[in-house]
Amino acid sequence: MTTLLLVEDDLDLAGNIVDYLALEDFDCDHASNGVAALNFLAENEYAVVILDINLPRLDGLSVCERLREKGDDTPVIMLTARDQLDDKLAGFAKGADDYLVKPFAMAELVARLQALSLRRSGQVKQLRCGELCVNVNGKTATLAGEPVKMSPTAFIVLEQLVRSYPAPVSREMLSQAVWGENRPDSNSLKVHIHHLRKALGKESGLDVQSATGVGFKLVSGAQ
């Protein structure tokens, strides 16, 4: 069953949403304010966060912003009564992946949740794995605060591996991320994986290993 977090202070609406989603095989935790939402997110993993903007204690935009600042790439769909373009742009700027204006049809919410639950958010600005920090916007990475020197291609590979960590990433997905449809010979990806391993260094405790029949995965010595 897919697990979601609903952050909504209208208890009647929240109850209706939770009941409807249960019929669609979604397990839904509920928080009624922004601070409670952050506590849920610190303790649990969710496929999608359904986040109202107008919340007590901490508004939805701030919740989403804090989520992205710490490198959490859980997809977020905003729920709001606001339908102005500026409000939607503000939500996307804070890291939202989708937007649904109240009142909405439950079937539409389910359709959007099903789509979002199949991927991770591309809105996150920083990704972390132990002492490794990947700055997505700046296209840089640091290990224990020290810069990791690598090629732009190796960075793309590293970003995909950290996003998926600890799960593996298929060769197809890595090749698509690096070259799109204009892919070179099959050995090129292995060459970039080799350079990435060297850039991380043995002392980092991180390694890129083959995942038999799948592709590659990032492995931490702390596992």
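## A salt bridge between helix 5 and strand 5

Arginine 112 and aspartate 98 form a salt bridge in which the closest N and O atoms are 2.7 Å apart. This contact joins distant parts of the chain, since arginine 112 belongs to helix 5 (residues 106–116) whereas aspartate 98 belongs to strand 5, and the two residues are 14 residues apart. The structure described here is a predicted model, and the contacts reported below should be read with that in mind.

The two partners fall into separate burial classes: aspartate 98 has a relative accessible area of 18% and therefore counts as buried, being under the 20% limit, while arginine 112, with a relative accessible area of 24%, is partly exposed. Arginine 112 also meets the side chain of glutamate 108 in a salt bridge, with an N to O separation of 2.7 Å. Here both residues, arginine 112 and glutamate 108, lie in helix 5, four residues apart, which is about one turn of the helix. Glutamate 108, at a relative accessible area of 33%, is partly exposed.

## Other salt bridges

The count of salt bridges comes to eight. One of them brings together the side chains of glutamate 159 and arginine 163, at 3.1 Å from N to O. Glutamate 159 and arginine 163 are four residues apart in helix 6 (residues 152–164), so about one helical turn separates them. Both glutamate 159 and arginine 163 are buried. Elsewhere, salt bridges that share partners join Glu8, Asp52 and Lys102 into one network. In general terms, side chains of opposite charge can pair when their charged atoms come close.

## The parallel sheet

Strand 5, which carries aspartate 98, belongs to an open sheet of five strands whose order is 2-1-3-4-5 and whose pairing is parallel. The edges of this sheet are taken by strand 2 (26–31) and strand 5, and because each of these has a single partner strand, one side of each is left without a neighbour in the sheet. On average, and with direction ignored, neighbouring strands of this sheet are turned by 20° against each other.

Within the sheet, strand 4 (residues 76–80) pairs with strand 5 (residues 98–101) in the parallel sense over four bridges. The chain passes from strand 4 through helix 4 to strand 5, and the resulting β-α-β crossover is right-handed. Across this pairing, methionine 78 stands opposite tyrosine 99 in strand 5. As a general rule, the side chains of a regular strand alternate between the two faces of the sheet.

## A nonpolar patch and helix 4

What makes up the nonpolar surface patch of about 290 Å²? The patch is made by Leu85, Leu89 and Phe92. Leucine 85 is found in helix 4 (residues 85–93), the helix through which the chain crosses from strand 4 to strand 5. At 57% relative accessibility, leucine 85 counts as exposed, because that class holds residues over 50%.

## The antiparallel sheet

A further open sheet consists of three strands in the order 10-12-11, and here the pairing is antiparallel. Its edge strands are strand 10 (169–170) and strand 11 (206–211), each of which pairs on one side only. Strand 11 and strand 12 (residues 215–220) are paired in the antiparallel sense over six bridges, and in this arrangement glutamine 209 stands opposite lysine 217 in strand 12.

## The chain as a whole

The protein chain has eight helices and 12 strands, and 43% of its 223 residues count as buried. Taken along the principal axes, its C-alpha atoms fill a box of roughly 55 × 35 × 35 Å.

Asparagine 182 is found in the loop between helix 7 (171–179) and helix 8 (187–200), and with a relative accessible area of 68% this residue is exposed. The C-alpha atoms of asparagine 182 and tyrosine 46 are separated by 35 Å, and the two residues are 136 residues apart along the chain.

Note on methods:
Residues are numbered from 1 along each chain as its sequence is written. This is a predicted model: local features need pLDDT of at least 70, side-chain atom pairs count only at pLDDT 80 or more; totals for chains, interfaces and linings use all residues. Side-chain values use heavy atoms; hydrogens and water are left out. Patches are made of residues with over 30% relative accessible area and no salt bridge: like charges are joined within 9 Å, nonpolar side chains (Val, Leu, Ile, Met, Phe, Trp, Tyr) within 5 Å. Accessible areas come from the Shrake-Rupley method with a 1.4 Å probe; for residues, only the protein chains shown count as cover. A salt bridge is a side-chain nitrogen of Lys or Arg within 4 Å of a carboxyl oxygen of Asp or Glu. Buried means under 20% relative accessible area, exposed over 50%, partly exposed in between (1.4 Å probe, protein chains only). Two strands pair if DSSP finds at least two bridges between them. A crossover is right-handed if, with the strands pointing away from the viewer, the path from the first strand over the helix to the second runs clockwise. Axes are lines fitted to C-alpha atoms, for helices over the stretch in contact, and angles run from 0 to 180 degrees between N-to-C directions.
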